[in-house]
Amino acid sequence: MAEAALDESAAEAARPPAPRRATAIVPERSVAGRTLVLLIAIMTFLSGVTLGGVVLVQKSAIAWSSDVGREVTIQIRPMQGEVMESNIRTAIALAEAIPGVTEAHAISIEDSQKLLEPWLGSGLDLSQLEIPRLIVVELGDPKAVDLSLLDRDLKSVKGATLETHAAWRQQLNTMAGTLVLSGVLVLALIVLATVLAVVFATRGTMASNREIVDVLHFIGASNAFIAGEFQGRFLALGFRGGLIGGLGAVLFFFLVAGATGSLVPEQSTAQLGFLFGRFSLGLDGILGIAAVVPVIAALTAITSRMTVRRFLSQTSGL
Amino acid sequence: MIEFTNVGLRYGHGPEILRDLTFRIEPGSFHFLTGPSGSGKTSLLRLLLLSLKPSRGMVRMFGRDVSSLDQDSLLDMRRHIGIVFQEFRLLDHLTTFENVALPLRVLGQPESAYRSNVTELLEWVGLGERMDALPPLLSGGEKQRAAIARAVIGRPDILLADEPTGNVDPELSLRLVRLFAELNKLGTTIILATHELPLLDSFDFPRMTLSDGRVTIHG
């Protein structure tokens, strides 16, 4: 029994060591890791916030444009010798006769009073004033409605004009487009800054690991292998930094949405909500920010690989 | 195996360090490369390692003109050449085992494929008990034996050694050269650069002497 145990232990000693996790050829501490992770986290955060802002603006602009586009307004000015109520009824009838119009209704005197309150104050008796009346015309399919036909028909109603909000929509679309373009430009600059930072970090790492690179060359490692070793290290750093920055950006939007609800007065919140959709990114916005993380990580890895390959082609004797 | 014809080497626009080198080295031979400090021994070894291109002349290795080879072929040829340095050049963060296994690891081989070979080689060079030690904990002689093991683990046809005994005592120097001689008996072509005359006199191998940028072969 004892002999068998001895044989076993002798065999154990003679056996080659069990496979272990191979030490990384490029030591982790030799890469300026913490600084680079922080820098990538900041860049990802900025990218995420910019992207989220662009998503918010675009979503709001589309919603706005769509809402405004589903309505046109007929304005009837008071005219000498004309009966306002009769003109309103005629205008409504003409509007409802146009194919694609789902409904047309006049805004009551009380509602008109509410609309004017911010400018004229409350408690005003509009019956004493001759003010234009508004008819809201709701469109089923804005593209299918021939608004020029309605405009022509309304010429028979004295004092009636058609307001299609086209100028507003145009301005809104231009503004939203400018903001989106600015966001894309900012994103491009952030990407460029990230690339430059990674290039400098990689060059520094290569310089401090020159001995390792030389040894790898001497023992027959290809440039692709050496670049892969450095790329792997930078990919990990890129992911770590990207994840921190991406989570930070999502958290930022949640905090802003919460702060808007609790710090801003209810009336203002409603207006902000109307403009920016209550700062809610939605699933697509969050997915967009999440997509920034692998993009930044891949960008870091690819940039470092290209920098290493360039460095090696300059220094390798082959 | 190695054929130099009128090879010259200069760095940048500087003077020619090696001039009109014309020699031939047969497979399985052992040559000492000697000459005073600064005579160009290391530069010649770098030419042989294909990490430098000659400024002029023709270098043929393994029957092929080196200048006509593309990057991949050069890399493939380099893998048939092992090198040992005076300053060992082991990677301090890798264990002795990992350092020796490195040439196989860069070829993409899994550890399971080379574990027993590396272990056997480390036993052969007397480092069986030091496999898990990091280089800073090894003595000079142990480091050099590890460096030799790393150079031969890929079974190179040519083994170059640049002053491999420069950092060890005379007794260990003799033992190291005997180790090279053993490898030579197994068929490896060896070129060992040294300027230690007692060492040269202890072995009866041909000498390539570099002087004034030119080489002469004796013996």
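In what order do the 4 strands of the open sheet in chain B lie? Select chain B of this predicted model and follow the strands across: the order is β2-β1-β4-β5, with antiparallel pairing. Now pick out residues 16-25 (β2) and 64-65 (β5) of chain B, which stand at the edges of the sheet. Each of these has a single partner strand, so one side of each is left without a neighbour in the sheet.

Next, select residues 2-10 and 56-61 of chain B, strands β1 and β4. The two run antiparallel and are joined by 5 bridges. To find one position on this pairing, label B:Phe4; B:Val59 in β4(B) stands opposite.

Stay in chain B and select residues 41-48, helix α1. Show the side chains of B:Lys41, B:Leu44, B:Leu45, B:Leu47 and B:Leu48, which are buried. Turn the view to look down the axis of α1(B): the buried residues fall within an arc of 155°, so they line one face of the helix. After the helix comes B:Leu50, with a positive phi near 65°.

Now show both chains and look at where they meet. Here 27 residues of chain B are in contact with 18 residues of chain A. On the chain B side, select α2 (71-78), α3 (96-105) and α4 (111-124); each supplies at least two residues of the side that touches chain A. Which of the elements of chain B gives the most to that side? The answer is α4(B), with 5 residues. Colour the chain B side by residue class and the split is 12 nonpolar, 6 polar and 9 charged residues.

Move to chain A, which has 10 helices and 4 strands. Along the sequence, the pattern is α-α-β-α-β-α-β-α-β-α-α-α-α-α. Of the 318 residues in chain A, buried ones make up 31%. Among the contacts in chain A with a separation of 6 or more, 87% come from residues 24 or more positions apart.

For a closer look at chain A, select residues 71-76 (β1) and residues 160-163 (β4). These strands pair in the antiparallel sense over 4 bridges. Label A:Thr73, whose bridge partner in β4(A) is A:Glu163. Then show the side chains of β4(A) and compare the faces: A:Ala160 and A:Leu162 make up the covered face, while A:Thr161 and A:Glu163 make up the uncovered one. A:Glu163 therefore appears twice on this stop, as the bridge partner of A:Thr73 and as part of the uncovered face of β4(A).

Definitions and conventions: Residues are numbered from 1 along each chain as its sequence is written. Chains are lettered from A and ligands numbered from 1 in the order in which they are written. This is a predicted model: local features need pLDDT of at least 70, side-chain atom pairs count only at pLDDT 80 or more; totals for chains, interfaces and linings use all residues. A residue is buried if 20 or more other C-beta atoms lie within 10 Å of its own, exposed if 12 or fewer, and partly exposed in between; C-beta atoms are placed from the backbone. The arc is that of the directions from the helix axis to the C-beta atoms. Two strands pair if DSSP finds at least two bridges between them. Two residues are in contact if their C-beta atoms, placed from the backbone, lie within 7 Å. Ala, Val, Leu, Ile, Met, Phe, Trp, Tyr, Cys and Pro count as nonpolar, Asp, Glu, Lys and Arg as charged, and the others, Gly among them, as polar.
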